[in-house]
Amino acid sequence: MATTRPMLDAPILLTLLLTVSIIRHLLIGAADHRRAATNGNSAPPPMLLPLYHSSPNASLQRRDASGMSEKRRLQIAASRKDSARMRLYDNLLTDGYYTTRLWIGTPPQEFALIVDTGSTVTYVPCSNCKECGKHQDPKFQPDKSNTYEPVKCDLNCNCDMEGKYCIYDRRYAEMSSSSGVLGEDLISFGNESQLVPQRLVFGCENVETGDLYTQRADGIVGLGRGQLSIVDQLVEKSAISDSFSLCYGGMGTTGGAMILGKIPPPPNMAFTRSDPYRSPYYNIDLKEMHVAGKPLRISPKIFDGKYGTVLDSGTTYAYLPEDAFIAFKNAIMKERPNLKQINGPDSNFNDICFSGAGSNVSELSKTFPEVSLVFGNGQKVLLSPENYLFRHTKVRGAYCLGIFQNGNDPTTLLGGIVVRNTLVTYDRESEKIGFWKTNCSNLWKTLNISTAAAPAPEPAPTATPASPTVSALPPTVSSSTGKDVSLPPEPATSGSPQTRLPGELRIGFITFDMLFSTNNSGSKLNLSELSEAIAHELNVDNSQVRLLNFTSVENSSSVQWAIYPAEPASYFPTATATTIILRLTARQLHLPNSYRNYQVVDWKIQPRTKRNWWGQHMLAIIVGVIITLAILSMSIVTIWFIRRSKSRQFTSYEPVDDNHMISEQELQPLQTQT
């Protein structure tokens with residue numbers, strides 16, 4: 001009997017394990033969700049939680065009731081690696097999301113992925129996907145990557161029908177879905193990052209539906225909690241510390257910044273506890289909301305319902321429980337007596353909008369009140385009007401509330417609008433989240449973080465020892481003429497002075513021609529606004545972008561631009577020039593909607609021109625000659641006046657008085673002698 005008992009207990013034990021696994025998944029497996037606005041001009045329906053996957057897969061979730069193991073905490077604490085510093089693109093309200101760039105494979109294939117703290121899986125459309133929409137970039141081609149490998153089926157994943165490979169399946173609240181095969185490949189983070197390429201698991205899409213099918217972005221980068229999260233994978237490899245940060249641009253601007261890894265927090269950053277076991281999402285300990293310095297008359301427990309107060313970068317707006325929303329709405333309306341309430345831009349939604357505030361965003365605080373989020377530890381975050389308002393798209397100078405009632409769901413959901421122009425640090429290791437108001441467009445300068453090129457990547461561990469590593473961006477690009485231009489890497493920074501590489505190309509400036517179709521624009525190009533947008537997208541100063549030529553013929557306009565190095569430099573760093581050229585040729589300039597229909601038809605790089613002594617000092621010579629001539633002219637005029645004054649002094653005439661007057665006599669004819 002004793003010999004047969006283990007065989008009888010094995011099925012029972014397996015059943016119990018599977019049951020626990022399924023329950024565990026149902027509790028925390030809902031961490032994947034994404035909320036992208038389907039209509040940037042009006043408020044979307046409220047987000048309802050929870051979100052469930054279509055198939056339970058307990059093995060793909062990392063956290064359990066026991067939390068992170070002490071061994072892993074010590075391992076992370078002992079290893080601090082470089083951060084991945086990445087730019088964000090697009091606009092929260094017009095596009096419904098922010099994207100960042102990732103490069104997958106060898107050679108690297110580029111993708112624009114939605115930044116989503118509510119999702120765990122990172123995925124892109126696969127080349128064999130017949131049910132994927134048309135997106136910003138070409139689909140991922142596994143057969144063209146020397147380092148790609150599908151994840152083989154085992155007991156730790158859901159398997160395909162043939163039992164060969166691991167698969168994933170995600171469904172979202174807006175009735176969209178993504179499913180495909182899990183693969184592993186080198187993922188790079190761009191030339192502005194110091195993090196070398198890493199082998200990570202991601203989803204290769206075979207089917208996508210709903211908003212995922214129609215959106216412009218290629219896919220999603222998952223920053224949530226879970227084994228497949230890109231953050232968790234990098235932490236497991238000790239590539240980064242267990243922290244990341246997001247900084248969304250403000251109203252009327254695009255882009256922002258993302259940092260994978262830990263950065264020194266600013267001295268006055270406000271922190272709140274984020275309990276990883278409270279819910280599968282990133283939550284904060286919100287206790288009060290103040291409007292114009294006055295607390296809303298609601299119970300602090302209202303922000304602790306169901307999943308608590310959740311931060312979700314993939315959600316556009318914010319959603320409050322019913323009582324909190326009513327109190328917030330009434331407080332805002334009480335503080336704006338001089339504004340007229342008007343209808344929203346879309347009759348399908350009951351937006352609360354006001355007119356008469358003016359179009360200057362910096363002046364909104366004079367019209368709308370300040371709002372504060374107060375945490376359990378007493379610290380607070382101040383929200384400016386751009387953190388709870390969005391522009392009315394049909395009435396100039398009008399704005400609408402971007403905070404709505406979350407239906408009957410008691411969860412408080414704070415989307416991206418609440419953290420515009422706010423650095424949000426998700427310090428998962430310390431189980432806290434920090435907030436710091438700043439200008440996200442100038443984050444690197446504010447934090448004194450260098451955006452220099454990444455060092456040469458070290459060999460990354462791969463499944464096959466022969467698998468090569470790649471740099472974040474290809475070192476060679478081609479111009480419109482078909483001529484390849486090799487841009488050598490920058491010398492590595494060291495304690496010794498840098499020396500120029502032999503034969504290194506010094507790029508003095510970059511020119512490019514843009515062709516705009518104006519068939520449907522209905523308006524002329526605003527070259528000043530376009531110049532600022534290009535500068536922002538290329539991460540250069542506005543003064544570096546200069547207009548060379550502009551022509552307009554019928555329904556098209558051609559604009560020629562030049563990008564110059566920042567003063568006092570006379571040439572571009574190689575990595576900077578490479579990044580600019582790649583963004584131009586790959587159509588990575590995410591311009592405002594009225595300028596998106598463009599083509600870069602030609603570009604050229606101009607090496608720094610060596611000038612002789614006369615050329616280098618020509619300006620000084622000209623200025624010197626002008627000054628000399630001016631001094632000489634002044635001297636001549638002065639001498640002339642002096643001499644004239646002296647001449648008058650020596651040849652003066654005295655008046656004639658009566659005593660000296662002599663009467664006139666007629667001339668007498670000459671007497672001739674006879």
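**Exercise 1. Which cysteine forms a disulfide with cysteine 153, and how far apart are their sulfur atoms?**

Solution. The model is a predicted one, and the distances and angles in these exercises are computed from it. The partner of cysteine 153 is cysteine 159, and the two sulfur atoms lie 1.6 Å apart, which is within the 2.5 Å cut-off that defines a disulfide. The next step is the torsion about the S-S bond, which is about 80° for cysteine 153 and cysteine 159, so this disulfide is right-handed. The last step is exposure, where the partly exposed class runs between 20% and 50% relative accessible area. Cysteine 153 has a relative accessibility of 25% and therefore counts as partly exposed, and cysteine 159, at 27%, counts as partly exposed as well.

**Exercise 2. Describe the disulfide of cysteine 353 and cysteine 400, and state which strands it links.**

Solution. Begin with the bond itself: the sulfur atoms of cysteine 353 and cysteine 400 are 2.0 Å apart, and with 100° about the S-S bond the link is right-handed. Then place the two residues in the fold: cysteine 353 belongs to strand β20 (residues 353-355) and cysteine 400 to strand β24 (residues 399-401), so that the pair, 47 residues apart, links distant parts of the chain. Finally, check the surroundings, where both cysteine 353 and cysteine 400 turn out to be buried.

**Exercise 3. Are cysteine 129 and cysteine 132 buried or exposed, and how many disulfides are there in total?**

Solution. Cysteine 129 and cysteine 132 form a disulfide with their sulfur atoms 1.9 Å apart, and the 90° about the S-S bond makes this link right-handed. Both cysteine 129 and cysteine 132 are buried. The total count is 6 disulfides, and when the bonded cysteines of the protein chain are numbered in sequence order, their pairing reads 1-8, 2-3, 4-6, 5-7, 9-12, 10-11.

**Exercise 4. Work through the salt bridges of arginine 199, lysine 306 and lysine 366, giving the exposure of each partner.**

Solution. The structure holds 12 salt bridges, and three of them can be taken in turn.

- Step one: arginine 199 meets glutamate 184 at 3.9 Å, N to O. Because arginine 199 lies in strand β9 (residues 198-209) and glutamate 184 in strand β8 (residues 177-188), the pair ties together parts that are 15 residues apart in sequence. Arginine 199 counts as buried at 2% relative accessibility, whereas glutamate 184, with a relative accessible area of 24%, is partly exposed.
- Step two: lysine 306 meets aspartate 409 at 3.7 Å, N to O. Lysine 306 is found in the loop between β16 (294-295) and β17 (309-311) and aspartate 409 in the loop between β25 (403-405) and β26 (412-414), so this pair ties together parts that are 103 residues apart in sequence. Lysine 306 is partly exposed at 42% relative accessibility, while aspartate 409 is buried with a relative accessible area of 7%.
- Step three: lysine 366 meets glutamate 363 at 2.7 Å, N to O. Lysine 366, at 68% relative accessibility, counts as exposed, and glutamate 363, at 30%, counts as partly exposed.

Beyond these pairs, Asp232, Asp242 and Arg428 are joined into one network by salt bridges that share partners.

**Exercise 5. Characterise the second largest cavity: what volume does it have, and which residues line it?**

Solution. There are 6 cavities of 30 Å³ or more, and the second largest cavity contains about 70 Å³ of space. Its lining includes Leu246, Tyr248, Leu311, Asp312, Val424 and Tyr426. Strands β11 (243-248) and β27 (422-427) each supply at least two residues of this lining. Sorted by character, the lining residues of the second largest cavity comprise 7 nonpolar, 3 polar and 1 charged.

**Exercise 6. What secondary structure does the chain adopt over residues 618-642?**

Solution. The unreviewed UniProt entry annotates residues 618-642 as "transmembrane region". Over residues 618-642 the model is 100% helix and 0% strand, and the end C-alpha atoms stand 36 Å apart.

**Exercise 7. Where does proline 267 lie, and how far is it in space from tryptophan 436?**

Solution. Proline 267 sits in the loop between β12 (256-260) and β13 (270-273), and with a relative accessible area of 88% proline 267 is exposed. Although proline 267 and tryptophan 436 are 169 residues apart in sequence, their C-alpha atoms are 9.4 Å apart in space.

Notes:
Residues numbered from 1 in each chain as written. Predicted model: local features only at pLDDT ≥ 70, side-chain atom pairs only at ≥ 80, totals over all residues. Heavy atoms only, no water. Buried < 20%, exposed > 50% of the residue type's maximum accessible area, 1.4 Å probe, protein only. Helix = DSSP H or I, 4+ residues; strand = E, 2+ residues; numbered from the N terminus. Salt bridge = Lys/Arg side-chain N within 4 Å of Asp/Glu carboxyl O. UniProt positions renumbered as here; feature names shortened; annotations may be inferred. 1 Å grid on protein atoms, 1.4 Å probe; cavity = no way out; pocket = protein on both sides within 12 Å on 5 of 7 lines; lining within 4 Å. Points joined across faces, edges and corners; volume = space filled by probe spheres on them. Nonpolar A, V, L, I, M, F, W, Y, C, P; charged D, E, K, R; others polar.
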